[in-house]
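Please work through the exercises below with the sequence and the model open side by side, and try each task before reading its solution.

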Amino acid sequence: MKKVYVNEERCLGCHLCEFYCAFANSGETEMFRAFRLGRDAKPKIRVEDKINFAVQCRHCDDPLCMKNCIAGAISKVDGVVKIDREKCVGCFTCVLSCPYGCIAPDKDGHSATKCELCTQNGGSPACVQNCINGAIVYEERGEA
Amino acid sequence: MPVNYFPAEFEVLRNYDKCIQCRACERQCANEVHWYDADFGKMLSHDEKCVDCQRCVSICPTSALKIRPNENAFRKSANYTQPLMTEAYRQAGTGSVLLSSMGTPKDYPVYWDKILLNASQVTNPPIDPLREPMETRVFLGKKPTKMKFDKNGELDLSLEPSLTLNVPIMFSAMSYGSISKNAHESLARAAEELGTYYNTGEGGLHKDFYKFGANTIVQVASGRFGVHKDYLNAGAAIEIKMGQGAKPGIGGHLPGEKIKEDVAHTRMIPRGTDAISPAPHHDIYSIEDLRQLIFSVKEATEYKKPVIVKIAAVHNVAAIASGVARSGADIIAIDGFRGGTGAAPTRIRDNVGIPIELALAAVDGRLRHEGIRNEVSIVAAGSIRCSSDAVKAIALGADAVYIATPALLAMGCHLCRSCHTGKCNWGIATQNPELVKRLNPDIAYHRLVNLVTAWNHEIQEIMGGMGINSIEALRGNRLMLRGIGLTEKELQILGILHAGE
């Protein structure tokens with residue numbers, strides 16, 4: 001399936017992907033609204049300083065988060081690991097079990113949240129669309 | 001210490017209602033203009049460091065930034081302008097020659113804009129390039145002037161070595177050192193895909209780029225950096241650089257800070273040493289000496305490659321070109337004074353040389369008059385800004401044109417004219433690995449291909465409009481040109497009629 005990959009040698013460490021990600025998941029229509037309304041928009045992608053590598057969900061073949069979810073809120077739909085916020089009880093076992101550190105408590109603190117490849121925001125990942133150096137790509141690399 | 005007050009050239013305007021403190025501007029500014037004040041929770045700026053490269057403006061996710069000329073200026077004078085005053089202060093402080101980059105910003109006449117093109121109407125109808133073939137392929141090199149037969153009376157079909165261009169546009173010389181490796185890679189890949197050529201400039205050829213040899217013109221300049229037998233043989237043609245439009249009569253100086261490991265290796269000089277190209281070639285003081293160098297490089301490449309001689313457009317350019325044509329060169333490149341540069345003394349760039357339009361017309365006319373126009377091809381360079389400039393250049397007598405500034409623009413250059421600082425925020429004119437990264441060759445090469453493809457479409461449209469279906473029929477076809485608002489003398493030099501005539 002198509003996944004989000006980062007070409008490390010092209011990443012400039014500008015962190016803009018984080019902001020576009022948070023904006024895309026904020027439900028707001030303007031970026032400044034997402035950050036200026038005091039709602040603390042949170043990105044689901046993270047650029048680590050120095051190593052310039054954005055970490056986001058790998059959508060594992062056999063996701064540990066899904067295995068460990070006590071509420072059955074995590075499922076894999078068309079290869080995309082998703083969290084059902086209605087079912088999530090906010091125990092954050094998934095946050096602890098993700099080996100990549102890609103799941104975080106949501107801003108309300110009551111449920112977990114993670115990258116769902118922008119399937120809920122029109123399907124084309126915002127980080128990929130807005131990367132200023134074409135470093136983040138959404139492509140098929142022959143992995144499951 | 002006297003007080004030296006320079007008003008900041010630009011002002012950074014930040015719309016605080018929109019700014020989300022993402023700090024992308026801060027991270028992406030090599031001039032360290034932007035900074036974040038944690039106590040106030042605000043982005044602030046050091047306006048005096050801004051060079052107006054527009055990097056921050058382009059990437060700001062909320063369009064919160066604007067750069068504008070600083071209105072706080074010295075008292076206005078049409079004679080002592082603000083740049084002249086600050087330059088005087090600067091020189092009083094440093095005692096140094098002023099440096100500038102890219103083409104002169106001064107308001108000299110642009111003759112391209114005073115020449116109009118013709119179009120067909122009734123008797124010689126226009127051609128639709130989308131429906132009919134339209135030839136833009138060009139061959140550069142000596143053309144046969146008479147038929148030759150061998151002993152058996154068979155026609156001798158052999159030709160002098162030449163270059164084949166699918167489009168009448170080549171990328172002109174920009175050295176590895178003055179521009180980044182990623183920029184070079186983009187140019188090389190674009191030239192390969194377009195079926196044209198890029199030029200190494202005087203900085204040698206990086207070992208990774210020998211594979212693009214079939215689309216490379218290798219340059220030999222006065223510093224002879226990176227010149228060896230394999231280098232000469234790597235390219236499709238060899239260019240001997242006698243002068244550059246932006247700085248005629250001046251050599252080059254690549255500061256030691258830009259001579260990093262790779263550049264040093266490619267140029268065959270020690271790391272960190274200044275790469276100084278002398279003003280003259282120390283072995284060329286006459287046309288005969290130039291002939292010796294031409295035949296030396298021809299000898300080294302077994303007479304298989306055409307030799308280009310690049311000269312700056314200066315006052316006697318027609319006579320110089322005539323000499324060059326007789327020296328054995330296959331192609332003459334003429335570089336006009338509005339052409340770009342990675343660094344040149346400001347006063348030279350802004351005051352020396354002549355416009356390419358006049359130089360080109362003078363050279364083409366002179367060579368025709370002397371009956372040696374077929375001995376050489378002419379390449380026009382030095383501010384060919386768009387496809388119609390290229391068409392006008394060809395109609396004035398050029399076989400093809402060299403472009404560099406438009407190529408840089410395609411790669412992201414915003415013409416801030418700060419190349420000489422080595423802090424190019426667009427990853428082009430820099431050797432700082434963190435900045436070089438910003439130019440993604442996968443994107444840049446594609447944009448270069450797009451640019452030249454678009455120009456070629458436009459050239460075909462314009463030619464079609466004239467009822468011409470081959471670029472060969474456009475070359476030197478000055479009847480397709482008319483001057484507008486030009487004096488009798490200018491029209492005479494350009495060899496064109498005035499509009500209405």
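What follows is a set of exercises on domains, chain contact, sheet, helices, core and loops, each with a worked solution.

This is a predicted model, in which local features need pLDDT of at least 70 and side-chain atom pairs count only at pLDDT 80 or more, while totals for chains, interfaces and linings use all residues. Residues are numbered from 1 along each chain as its sequence is written, and chains are lettered from A, with ligands numbered from 1, in the order in which they are written.

**Exercise 1. Domains**

Determine how chain A is divided into domains, and describe the contact between them.

Step 1: Chain A is divided into domain 1 (1-56 + 115-136) and domain 2 (58-114), the bounds coming from an automatic or database domain assignment. The C-alpha centres of these two domains of chain A lie 19 Å apart.

Step 2: Two residues are in contact if their C-beta atoms, placed from the backbone, lie within 7 Å. By that criterion, 12 residues of domain 1 of chain A are in contact with 11 residues of domain 2 of chain A. The side of domain 1 of chain A that touches domain 2 divides into 4 nonpolar, 2 polar and 6 charged residues, where Ala, Val, Leu, Ile, Met, Phe, Trp, Tyr, Cys and Pro count as nonpolar, Asp, Glu, Lys and Arg as charged, and the others, Gly among them, as polar.

Step 3: For chain B, the assignment gives domain 1 (10-96) and domain 2 (115-498), with 35 Å separating their centres, taken over C-alpha atoms. Their contact takes 9 residues from domain 1 of chain B and 7 residues from domain 2 of chain B.

**Exercise 2. Contact between the chains**

Find how many residues each chain brings to the contact, and which helix of chain B supplies the largest share of its side.

Step 1: The contact takes 14 residues from chain B and 15 residues from chain A.

Step 2: On the side of chain B, α1 (24-28) and α14 (441-466) each supply at least two residues; helices (H or I, at least four residues) and strands (E, at least two) are DSSP runs, numbered from the N terminus. The largest share, 3 residues, comes from α1(B).

Step 3: The residues of this side of chain B divide into 6 nonpolar, 3 polar and 5 charged.

**Exercise 3. The sheet**

Establish the strand order of the open sheet in chain B, and identify which strands stand at its edges.

Step 1: In chain B, 8 strands form an open sheet in the order β9-β19-β18-β16-β15-β12-β11-β10, with parallel pairing; two strands pair if DSSP finds at least two bridges between them.

Step 2: At the edges stand β9 (169-171) and β10 (198-199) of chain B, each with a single partner strand, so one side of each is left without a neighbour in the sheet.

Step 3: Strand β11 (residues 216-220) of chain B pairs with β12(B) in the parallel sense over 4 bridges, and Val220(B) stands opposite Ile240(B) in β12(B). In strand β12 (residues 237-241) of chain B, 5 of its 5 residues are buried, a residue being buried if 20 or more other C-beta atoms lie within 10 Å of its own, exposed if 12 or fewer, and partly exposed in between, with C-beta atoms placed from the backbone. Ala237(B), Glu239(B) and Lys241(B) point one way from β12(B), whereas Ile238(B) and Ile240(B) point the other way.

**Exercise 4. Core and enclosed helices**

Trace Ala380(B) from its strand pairing into the largest nonpolar core.

Step 1: Strands β18 (residues 377-381) and β19 (residues 400-403) of chain B run parallel and are joined by 2 bridges, and the bridge partner of Ala380(B) in β19(B) is Val401(B).

Step 2: Both residues are among those with the most contacts inside the largest nonpolar core, which has 187 residues; such a core is a set of buried Ala, Val, Leu, Ile, Met, Phe, Trp, Tyr and Cys residues joined through C-beta atoms within 7 Å. Leaving aside neighbours within four places in sequence, the contacts of Ala380(B) include Ile334(B), Leu360(B) and Ala393(B).

Step 3: Ala393(B) is also one of the buried residues of α11(B); 8 of the 9 residues of this helix (residues 387-395) are buried, so it is largely enclosed by the rest of the structure. Just after α11(B), Gly397(B) takes a positive phi of about 130°.

**Exercise 5. Positive phi in loops**

Decide whether Arg23(B) is buried, partly exposed or exposed.

Step 1: Arg23(B) lies in the loop between β1 (10-14) and α1 of chain B, and its phi is near 65°, a positive value in a residue other than glycine.

Step 2: With 17 C-beta neighbours inside 10 Å, Arg23(B) counts as partly exposed.
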